[in-house]
Amino acid sequence: MDKKTQGTLEMGAAMAISGTIGWFVVQSGLPALEVVFWRCAFGAVALGLVCWAMGLLRGMTWRIARWAALGGVAIVTNWLLLFGAYSHASISVATAVYNTQPFMLVVFGALLFGERVTLAKLGWLATAFVGMLLIVQAKPGAGLPGGDYALGIAMALGAAFFWAVASVIAKRLTGTPPHLIALVQVTVGVLMLAPFARLGTPPQGASTWLLLVTLGVVHTGLMYILLYGAVQKLPTYLQGALSFIYPVVAIGVDFVAFGHRLQPAQWLGAATILLAAAAMNLQATRGRPAVQPAPAGIGSTKPR
């Protein structure tokens with residue numbers, strides 16, 4: 001099997017796994033804060049073992065620890081907001097809104113790094129904004145309460161914002177093994193959330209613990225091992241194309257598992273955002289050499 005085929009399979013598997021995360025979060029029945037805490041705890045164990053086995057722990061420095069920890073605060077906040085959005089706006093809608101991340105990076109790039117914003121980028125940014133309006137103006141889908149719908153949209157937007165913050169911070173860590181960055185970030189998550197995670201009354205039931213262990217080991221440890229293995233083998237444009245497996249799987253899981261049906265305007269809005277994001281990715285990579293992107297900690301393609 002050649003490297004490109006292997007990378008495609010790894011990336012596809014990573015995105016498919018990521019697309020199922022909403023089901024595990026909702027099925028756990030726990031508040032988002034507790035889910036994120038246990039994801040970080042079990043993820044830290046899994047990633048710690050991987051980093052130890054690969055000899056990456058010897059490469060830890062105070063500089064890496066400082067910047068990775070700062071990125072970890074953003075990543076953990078991202079998870080808290082995204083997981084919280086699932087119960088208010090559905091997995092499908094939250095995932096679609098969350099995919100406005102690339103456009104927030106465009107804004108950050110212009111403000112912080114002086115990157116040029118072309119007319120084409122502005123056009124796709126406006127297109128994504130129209131898609132967002134279509135989703136926001138639509139009525140909640142079947143089976144969803146209407147009162148907190150706007151809150152769910154706001155939380156998904158906030159999650160996208162903090163993903164962009166984490167990506168900007170990651171520019172300081174170019175060349176650092178991404179597994180090591182991820183380990184620092186989940187460790188920060190454990191320290192951040194431990195005081196609020198009700199450790200005195202831990203989750204009950206074997207099924208709940210199985211869901212939480214899966215979130216930490218599979219959706220954090222395994223998924224990012226697959227993801228980071230793929231980005232070393234694939235050109236950037238193919239990584240971007242394969243990343244759209246994630247929202248497709250998430251929307252399908254939401255429909256099959258929970259019966260949440262997007263309204264026509266929501267379908268149109270979601271498709272508009274994804275189309276704009278895909279076009280932005282293609283535009284950004286057209287004419288560039290096939291290089292590995294700078295690691296952005298957990299979720300270097302899209303942290304979830």
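Which residue forms a salt bridge with Glu10, and how many Å apart are the closest N and O atoms? The residue is Lys233, and the closest N and O atoms of the pair are 3.1 Å apart. This salt bridge appears in Figure 3 of the legends below, which describe a predicted model.

**Figure 1. Overview of the predicted chain, with twelve helices and zero strands.** Along the sequence the elements follow the pattern α-α-α-α-α-α-α-α-α-α-α-α. The chain has 304 residues, of which 52% count as buried. Among contacts with a separation of 6 or more, 92% are between residues 24 or more positions apart. About 13,200 Å² of the chain is exposed, and carbon and sulfur atoms supply 70% of that area.

**Figure 2. Helix α1, residues 3–19.** The 17 residues of α1 should span 24 Å at 1.5 Å a residue, and the end C-alpha atoms are 24 Å apart, so the two values agree. At the start of the helix, a side-chain oxygen of Asp2 comes to within 3.1 Å of the backbone nitrogen of Lys4. Buried positions in α1 are Gly7, Glu10, Met11, Gly12, Ala14, Met15, Ile17, Ser18 and Gly19.

**Figure 3. The salt bridge between Lys233 and Glu10.** The closest N and O atoms of Lys233 and Glu10 lie 3.1 Å apart. Because Glu10 belongs to helix α1 and Lys233 to the loop between α9 (206–231) and α10 (236–242), the pair ties together parts that are 223 residues apart in sequence. Glu10 has a relative accessible area of 15% and is therefore buried. Lys233, at 23% relative accessibility, counts as partly exposed. The model has two salt bridges by the rule applied; Figure 4 shows the pair formed by Glu34 and Arg198.

**Figure 4. The salt bridge between Glu34 and Arg198.** Here the closest N and O atoms are 2.7 Å apart. Glu34 lies in helix α3 and Arg198 in the loop between α8 (178–193) and α9, so this salt bridge ties together parts that are 164 residues apart in sequence. Glu34 is buried, with a relative accessible area of 4%. Arg198 is partly exposed, with a relative accessible area of 48%. The backbone of Arg198 has a phi near 50 degrees, a positive value in a residue other than glycine.

**Figure 5. Helix α3, residues 32–54, and the glycine that follows.** With 23 residues at 1.5 Å a residue, α3 should span 33 Å; the end C-alpha atoms are 32 Å apart, which agrees. Gly55 follows the helix and has a positive phi, near 75 degrees.

**Figure 6. The largest nonpolar core, with 73 residues.** Leu82, Phe83, Tyr86, Val93 and Ile135 have the most contacts inside this core. Helix α4 (residues 62–98) gives the most to the core, with 15 residues. Apart from this core lies another, of eight residues, including Val106, Phe244, Ala276 and Ala277.

**Figure 7. Surroundings of Tyr86.** Neighbours within four places in sequence are left aside in this view. Tyr86 is then in contact with Ile21, Gly22, Val25, Val26, Ile91, Ala94, Thr95 and Tyr246. Asp254, the subject of Figure 8, is 168 residues from Tyr86 in sequence, and their C-alpha atoms are 9.8 Å apart.

**Figure 8. Asp254 in helix α11 and its contact with Ser90.** Helix α11 covers residues 245–258 and includes Asp254. With a relative accessible area of 0%, Asp254 is buried. Not counting residues up to four places away in sequence, Asp254 touches Ser90, Ile91, Ser92, Gly259 and His260. The side chains of Asp254 and Ser90 make a polar contact at 3.5 Å. Ser90 is found in helix α4. At 3% relative accessibility, Ser90 falls under the 20% cut-off and so counts as buried. Phi of Ser90 is positive, near 80 degrees, in a residue other than glycine.

Key
Residues are numbered from 1 along each chain as its sequence is written. Side-chain values use heavy atoms; hydrogens and water are left out. Helices (H or I, at least four residues) and strands (E, at least two) are DSSP runs, numbered from the N terminus. The expected span of a helix is 1.5 Å times one less than its number of residues. Buried means under 20% relative accessible area, exposed over 50%, partly exposed in between (1.4 Å probe, protein chains only). A polar contact is a pair of N or O atoms within 3.5 Å; within protein, one must be able to donate a hydrogen and the other to accept it, and residues adjacent in sequence count only if both atoms are side-chain atoms. A salt bridge is a side-chain nitrogen of Lys or Arg within 4 Å of a carboxyl oxygen of Asp or Glu. A nonpolar core is a set of buried Ala, Val, Leu, Ile, Met, Phe, Trp, Tyr and Cys residues joined through side-chain atoms within 4.5 Å. Contact means heavy atoms within 4.5 Å. Accessible areas come from the Shrake-Rupley method with a 1.4 Å probe; for residues, only the protein chains shown count as cover.
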